[in-house]
Each structure stands twice: as structure tokens, then as C-alpha cells.
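Student: Please take a close look at one part of this model and describe what surrounds it. A single connected account would suit me.

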Amino acid sequence: MAHLNRSAAAALAAAAVAIPFGVAAAVAVTGTTPTGTTPTGTTPTSTTPTSTTPTGTTTTSTTPTTPTSTTTTPTTPTATGTTTAVTTGAPGATATETTGTSTTEASPAPSATPTRIAATLTTSQERPMPIGARGAKGSFVGTVTDAGKLTYRLTFGGLTGKAIAVHIHSGRRGAAGPVVVTLCARNCAPRTGTATVKKRVVDGLRAGTTYVNVHTKRNPAGEIRGQIRNR
């Protein structure tokens, strides 16, 4: 009986020793820690994945470039006209035909330099001869431009009465002609002034085919006259 008790006690002791080792073995095999049981001397390790960048590799970010648009304005050439002579009708008669686009040269600008003009007024130049005007006389000086601007100074004196009109007439020396410019229409006195005249008058003033005439009541056709000339 005593022998049996000792055998039973030995078996229990062996079982008590064997249980922890079995549990440890199970943990080692499955990697699972039973609830409430912490293996002695074992520290779990947490591993964080490391991002590896290849050494010596450079990554370049390229920004696309927007191409620059260049606008070119086409140049329109000016075509030069071609002139063709075509014989028509009778011998020696030709007609001119122009093809293409002709280029017209601009006319030269009018001269800015005025022409200086002058006249000496006397009774002897009048036609018909004035009555009773012995000491009457006068003068006319001025300038005229291509554009028709007439600038003048008129003097006179010794008349038989007041001047009733002063004109520039068209006409050669010794001949009477029509009025082309009115310098004064009534109660006239020596004066300076300007007037705008037509091209044909400008041409006459420069050519010597105009004259200045002073009219009075006694001599309504003119008491003194002077032919205009360049000076």
C-alpha cells in the first residue's frame, strides 16, 4: 500500500513537470501564445518594411514646352502694268492696252515759295483816257502762291474823288478786260489784304496778263491803272 502511494506521487510530480514543457512546445510549433500566458524571456520583434531607393538613379521631371506660334504677315507685291501697243484701223494708228495693275506716281507738291508781283498805277495806262486826272497815281505789291493765296499792299492818291472800286482785271497792256479779283467794292482807301484766287488768275498774275484798276465817280471805267509783273 505504501509502495503504491509513492508510485502515484512520483507520477503526479512527473506530470506537473511535463505540462509546462508541452505548452512551450505547442507555442514554438504554432507561434500562438495562449491567452493569459506570456512566454518568459521572449520579446516579440516588429519589422517595418524599408523603402529602398536604387543608388545612382536620378529621376528627372520634364515639363512639356508649349511651342511659340509665329504669325507671318504676307507681303502683297505691287504689280507693274504692262503696256501693249495694238495696231488698229488705218496704217500708223495704234491703240494702247494696259494689263495688270498700273502704278501712278504722285504729282509733285505745289511750291511753297510765293511769286512776288508788283504794278505802278498811272493815268497814262488807262483805256479810255481818264478825265481831269493829272496827278493821280498809285502802287500795288504782293505775292501769290501755287495754292492761289494772294497777299498784297495797295496805295494810291491824287484822284479826282473817292475811289468807288478797285479790281484786278484780265488783259494785256493797252487792252481792257473783265474783272477777275475784287480788292474793294466801295468807299475804297489804300489797304493791305489777302484773297484766294483761281489757278488761271495765278497764271495770269505770273504771265503779266492782268492789271490793277482804281475807279472813281468821275472816271467809272478807271482813273489809274497798272500792269502786274513779276519782280
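Tutor: Arg 231 lies in the segment after β11 (229-230). The model is predicted. Arg 231 counts as partly exposed because its relative accessibility is 44%, and partly exposed covers the range between under 20% for buried and over 50% for exposed. On the surface, Arg 231 belongs to a patch of positive charge that also takes in Arg 116, Arg 153, Arg 173 and Arg 229.

The strand just before this segment, β11, is joined to β3 by two bridges, and the pair runs antiparallel. In that pairing, Asn 230 of β11 stands opposite Ile 117. Ile 117 also stands opposite a residue of β4, namely Gly 142. The pairing of β3 with β4 is antiparallel too, and eight bridges join these strands.

From β3 (115-122) the chain reaches β4 (137-144) through a loop that holds Pro 128. The peptide bond leading into Pro 128 from Arg 127 is cis, and its omega is near 0°. Most peptide bonds are trans, and most residues other than glycine have a negative phi.

The second part of that rule has its exception in another loop. Asn 187 has a phi near 45°, which is positive although the residue is not glycine. The loop in question runs between β7 (179-184) and β8 (191-196). Asn 187 counts as exposed because its relative accessibility is 66%, and the cut-off for exposed is over 50%.

How values were computed: Residues numbered from 1 in each chain as written. Predicted model: local features only at pLDDT ≥ 70, side-chain atom pairs only at ≥ 80, totals over all residues. Heavy atoms only, no water. Helix = DSSP H or I, 4+ residues; strand = E, 2+ residues; numbered from the N terminus. Buried < 20%, exposed > 50% of the residue type's maximum accessible area, 1.4 Å probe, protein only. Patch = residues over 30% accessible without salt bridge, like charges linked within 9 Å, V, L, I, M, F, W, Y side chains within 5 Å. Areas by Shrake-Rupley, 256 points an atom, 1.4 Å probe, with all protein chains shown as cover. Salt bridge = Lys/Arg side-chain N within 4 Å of Asp/Glu carboxyl O. Lys, Arg positive; Asp, Glu negative; His and termini not counted. Charge placed at Lys NZ, Arg CZ, Asp CG, Glu CD. Pairing = 2+ DSSP bridges.
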